[in-house]
Amino acid sequence: VQLQASGGGLVQTGGSLRLSCAASGRTLSSVAWFRQAPGKEREFVAAISWGGGSPVYEDSVRGRFTISRDNAKNTVYLQMNSLKPEDTAVYYCAGRLLYSIRLNAGQYDYWGQGTLVTVSS
């Protein structure tokens, strides 16, 4: 399985970006977005499962970010609105072959290369 993340860039505070994570090789059962800011550990952002149930969000992004999927394109999106400087990080998508959503990066088997999001103040 290969994951290709894209859509990062430079945006001003309050702006929006949409990240994409395109999967090839196999259909994943759940996909998550993580992010890693300079000098910090990688943290969970959001996840969605093909097994049903609601997406899961980290508290600081709930209400601002929306994760969604396009089954036909085997792609997961992360719509990020009302961006803040503290959202600046490299964003990674990750996938696993189980339907259950996990918040721990170690539970994901497949990773994209990361895309940089920079929010200027």
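Which residue in strand 8 is the bridge partner of phenylalanine 65? In the predicted model analysed here, that partner is methionine 80. The bridge belongs to the antiparallel pairing of strand 7 (65-70) with strand 8 (residues 75-80), which extends over 6 bridges.

These two strands form part of an open sheet of 4 strands, in which the pairing is antiparallel and the order is 1-3-8-7. Because strand 1 (2-6) and strand 7 each have a single partner strand, both stand at the edges of the sheet, and one side of each is left without a neighbour there. On average, and with direction ignored, neighbouring strands of this sheet are turned by 15° against each other.

Methionine 80 also appears in the nonpolar interior, since the largest nonpolar core comprises 28 residues and counts Met80, together with Trp33, Leu78 and Tyr91, among those with the most contacts inside it. At least two residues of this core are supplied by each of strand 1, strand 3 (17-24), strand 4 (30-36), strand 5 (43-49), strand 7, strand 8, strand 9 (89-96) and strand 11 (115-120), and strand 3 gives the most, with 4 residues.

When neighbours within four places in sequence are left aside, methionine 80 is in contact with Gly15, Ser16, Leu17, Leu19, Arg64, Phe65, Tyr91 and Val117; the bridge partner, phenylalanine 65, is thus listed among these contacts. A second core, separate from the one described above, consists of 7 residues, including Ala32, Phe34, Ala94 and Ile101.

Methods
Residues are numbered from 1 along each chain as its sequence is written. This is a predicted model: local features need pLDDT of at least 70, side-chain atom pairs count only at pLDDT 80 or more; totals for chains, interfaces and linings use all residues. Side-chain values use heavy atoms; hydrogens and water are left out. Two strands pair if DSSP finds at least two bridges between them. Axes are lines fitted to C-alpha atoms, for helices over the stretch in contact, and angles run from 0 to 180 degrees between N-to-C directions. A nonpolar core is a set of buried Ala, Val, Leu, Ile, Met, Phe, Trp, Tyr and Cys residues joined through side-chain atoms within 4.5 Å. Buried means under 20% relative accessible area, exposed over 50%, partly exposed in between (1.4 Å probe, protein chains only). Contact means heavy atoms within 4.5 Å.
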